[in-house]
Every structure is written in C-alpha cells, then in structure tokens.
Amino acid sequence: MNGGFLVLLVAMFGFMYFLLIRPQRAQQRKHADLLSSLKPGDEVVTAGGIYGEVVQLDAERVMIEIDDDVRIAVARRAIASIVPPEELERLEAGEADEEETAEPVTADEPLTAEERDPARN
C-alpha cells in the first residue's frame, strides 16, 4: 500500500510537470528570446496595449515612439510581442479608412438602480 502511494505521488508530479510546468517554461523561454532580439526599428505592442516603434534600448528599459515626437520609456519585460509587418500594414490601412468614414459613436447613459429594477421603489 505504501509503495503504491509513492508511485501515485510520482505519477501525479510527472503529470503536473508535463501539463503545467514544462509549457510555462517554454513560454517564458520564448518571451526571453523575443526580448533579447529587440532592436531599434521594431514595431512592438506592450502588455498595456500600446503600439509603437522601438527607438532606443538599454538593459532594463525600451524607448518607444508612439507618435511623431511622442516617446515613452517602458520596462523591457512589458513588451508583449513584436508586431509582424503584415499586421502593421493592416492596422495602418484600417486607421486611414476609419478616419474618413467613421462617425463618432457614443454610449447610452447608464441606468440608475431604480430604472433597472422598478420593484425597488
């Protein structure tokens, strides 16, 4: 009985390793490779969703130009991914189309608690 418990414990650890730990380490390794391959001129998106072009790098920070003469410094680890060129072209083409044809959209005024549930009165 005691030997069976040990085998079950080892099998459970092996299952957890292959299901959780190993894929997480592979993802961390892939992100570390991405961060080490950053260079000026790369289009990136940060973890906060900011798109920009890498202008300058140091060991801890990345200077990103998000618009003409608008630069921000972000932590190197905050870079989520490099934007592929075809995605960049799609985004730039979409911006031009939206500016010319889109009308402003406003949200409806939120309802008060009484308006949502008339039974509360």
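**Overall fold and an exposed nonpolar patch**

The protein contains 3 helices and 5 strands, where helices (H or I, at least four residues) and strands (E, at least two) are DSSP runs numbered from the N terminus. Followed along the sequence, these elements give the pattern α-β-β-β-β-β-α-α. The radius of gyration, taken over C-alpha atoms, is 24 Å, well over the 14 Å that the globule rule gives for 121 residues, so the protein is more spread out than a compact globule. That rule is 2.2 Å times the number of residues to the power 0.38. This is a predicted model, in which local features need pLDDT of at least 70 and side-chain atom pairs count only at pLDDT 80 or more, while totals for chains, interfaces and linings use all residues. Residues are numbered from 1 along each chain as its sequence is written, and side-chain values use heavy atoms, with hydrogens and water left out.

The C-alpha trace spans about 70 × 60 × 25 Å along its principal axes. Of the 121 residues, 13% count as buried, meaning under 20% relative accessible area, with exposed set at over 50% and partly exposed in between (1.4 Å probe, protein chains only). The protein exposes about 10,000 Å², and carbon and sulfur atoms supply 56% of it; these areas come from the Shrake-Rupley method.

Helix 1 (residues 2-36) offers a good place to look more closely, as it holds Phe-15. Phe-15 is exposed, with a relative accessible area of 52%. Phe-15 also helps to make a nonpolar surface patch of about 1,100 Å², together with residues including Phe-5, Leu-9, Phe-13 and Leu-19. Such patches are made of residues with over 30% relative accessible area and no salt bridge (a side-chain nitrogen of Lys or Arg within 4 Å of a carboxyl oxygen of Asp or Glu); nonpolar side chains (Val, Leu, Ile, Met, Phe, Trp, Tyr) are joined within 5 Å, and like charges within 9 Å.

Technical notes. Areas by Shrake-Rupley, 256 points an atom, 1.4 Å probe, with all protein chains shown as cover.
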